[in-house]
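Please work through the exercises below with the sequence and the coordinates open beside you. Each one sets a task and then solves it step by step.

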Amino acid sequence: MIHLITGGSGSGKSVYAENWLIRQGSREACGKEKPFLYIATMRPFGQESRQKIMRHRNQRAGKGFATLECYQDMEALEIPENAGILLECVMNLTANESYREDGNDVRAKGEDKVAEKVLEGIRHLSEHTAYLAVVTGQVDGDIDSYSEETRTYQKILGETNQKIGGMADQITEVVYGIPVPVKV
C-alpha cells in the first residue's frame, strides 16, 4: 500500500505520516524485530536544515524507526526487512536528483527524467514493504515572481506529485494538523 501525504510547510504531515505508518504496520503484526524505516532525503546544508533534521529525529524517537539517509538513486538502495517505510520527502528528493553534487543532474536529460527517477525509487521501496508512506509538499500556490529555475523545479515537482498520486492507494492532505482524505 502506498499512502501519499501532502500539505504545506509546518502542516503536521510528518507526524501524521509516522502515526499512520505505526497504525498500519503494527509491530505486533509485523514482528517486533522489524523496525519501521525512515528514508531521509534532506541534505544537512546549513543550520536551518540541521535543526529541522534534529527536530524530526526527536519527533520519532522511541517509535521504532531506523533511519536510512538516501539523497538520490533510491532505486539502488538496499532495503532491510521492515514493518513499513516512511519516505521524507519527495520535495528534497526531486531537488537532489535535479541538482546533484556529482554534476550528473538528471534534469539535464530532460525534466520528465527527474519524475521517472523519483518514481523508480518509490516503486523500489514499495516492492520491499507492505506499507509505504510518502511525504511531499506543495510549493506552487503562493508567489508568481520566482526565478525561471525555481519555476522549473515547481513544474517538475508538480508532475512528480501527480504521478505518485496516480500510483498511490491513498492520498491525504494535512491542513493545520488536520488530515483531509483526498483519495481513499
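The exercises that follow concern a predicted model, and they take up salt bridges, aromatic rings, cysteines and one helix in turn.

**Exercise 1. Determine how many salt bridges the model contains, and work out which parts of the chain the bridge between lysine 63 and glutamate 18 ties together.**

Solution. Step one is the count: with a side-chain nitrogen of Lys or Arg required to lie within 4 Å of a carboxyl oxygen of Asp or Glu, the model has eleven salt bridges. Step two is the distance, and for lysine 63 and glutamate 18 the closest N and O atoms are 2.8 Å apart. Step three places the partners: because lysine 63 lies in the loop between α3 (46-60) and β3 (65-69) while glutamate 18 belongs to helix α1 (residues 13-24), the bridge ties together parts that are 45 residues apart in sequence. Step four is the surroundings, where glutamate 18 is buried at 0% relative accessibility, whereas lysine 63, at 23%, is partly exposed.

**Exercise 2. Find the partner of lysine 117 in a salt bridge, and say which residues belong to the network that includes lysine 117.**

Solution. Step one gives the partner as aspartate 73, with 2.8 Å between the closest N and O atoms. Step two locates the pair: lysine 117 is in helix α5 (residues 111-126) and aspartate 73 is in the loop between β3 and β4 (84-88), so parts 44 residues apart in sequence are tied together. Step three compares each accessibility with the cut-off for a buried residue, which is under 20%; lysine 117 is therefore buried at 15%, while aspartate 73 is partly exposed at 25%. Step four widens the view, since salt bridges link Asp73, Glu75, Glu97, Arg100, Asp102 and Lys117 in a network.

**Exercise 3. Describe the salt bridge between glutamate 111 and lysine 155, and decide whether each partner is buried or partly exposed.**

Solution. Step one takes the separation of the closest N and O atoms, which is 3.0 Å. Step two notes that this pair links distant parts of the chain, with glutamate 111 in helix α5 and lysine 155 in helix α6 (residues 148-167), 44 residues apart. Step three is the accessibility: glutamate 111 is partly exposed at 27%, and lysine 155 is also partly exposed, with a relative accessible area of 46%.

**Exercise 4. Count the aromatic pairs, classify two of them, and identify the charge that lies over the face of tyrosine 38.**

Solution. Step one is a search of the whole structure, which finds three aromatic pairs. Step two takes tryptophan 20 and tyrosine 131, whose ring centres are 6.4 Å apart and whose planes meet at 80°, so the pair is edge-to-face. This pair connects helix α1, which holds tryptophan 20, to the loop between α5 and β5 (132-135), which holds tyrosine 131, across 111 residues. Tryptophan 20 is buried at 3%, but tyrosine 131 is partly exposed at 23%.

Step three turns to tyrosine 38 and phenylalanine 65, also edge-to-face, with 6.4 Å from centre to centre and 90° between the planes. Here tyrosine 38 sits in strand β2 (residues 36-40) and phenylalanine 65 in strand β3, 27 residues apart. Tyrosine 38 is buried at 4%, and phenylalanine 65 is buried at 15%. Step four adds the neighbours: Phe36, Tyr38 and Phe65 form one aromatic cluster, and arginine 60 lies over the face of tyrosine 38, at 3.4 Å from the ring centre.

**Exercise 5. Decide how many disulfides the model has, and examine cysteine 70 and cysteine 89.**

Solution. Step one recalls that the two sulfur atoms must lie within 2.5 Å. Step two applies this cut-off: the nearest cysteine sulfur to that of cysteine 70 belongs to cysteine 89 and is 13 Å away, and cysteine 70 is in no disulfide. Cysteine 89 is likewise in no disulfide, and the count for the model is zero. Step three gives the surroundings, with cysteine 70 buried at 6% and cysteine 89 buried at 7%.

**Exercise 6. Compare the span of α6 with the expected value, and state what its buried residues pack against.**

Solution. Step one takes the 20 residues of α6, which reach 29 Å from first C-alpha to last, close to the 28 Å expected at 1.5 Å a residue. Step two lists buried residues of α6, among them Tyr153, Ile156, Leu157, Thr160 and Ile164. Step three finds that the buried residues of α6 pack against β1 (2-7), α4 (90-98), α5, β5, β6 (170-175) and β7 (178-183).

Terms used. Residues numbered from 1 in each chain as written. Predicted model: local features only at pLDDT ≥ 70, side-chain atom pairs only at ≥ 80, totals over all residues. Heavy atoms only, no water. Helix = DSSP H or I, 4+ residues; strand = E, 2+ residues; numbered from the N terminus. Buried < 20%, exposed > 50% of the residue type's maximum accessible area, 1.4 Å probe, protein only. Phe/Tyr/Trp six-rings, centres within 6.5 Å; stacked < 30°, edge-to-face > 60°. Lys NZ or Arg CZ within 6 Å of the ring centre and 35° of its normal. Expected span 1.5 Å × (residues − 1). Contact = heavy atoms within 4.5 Å.
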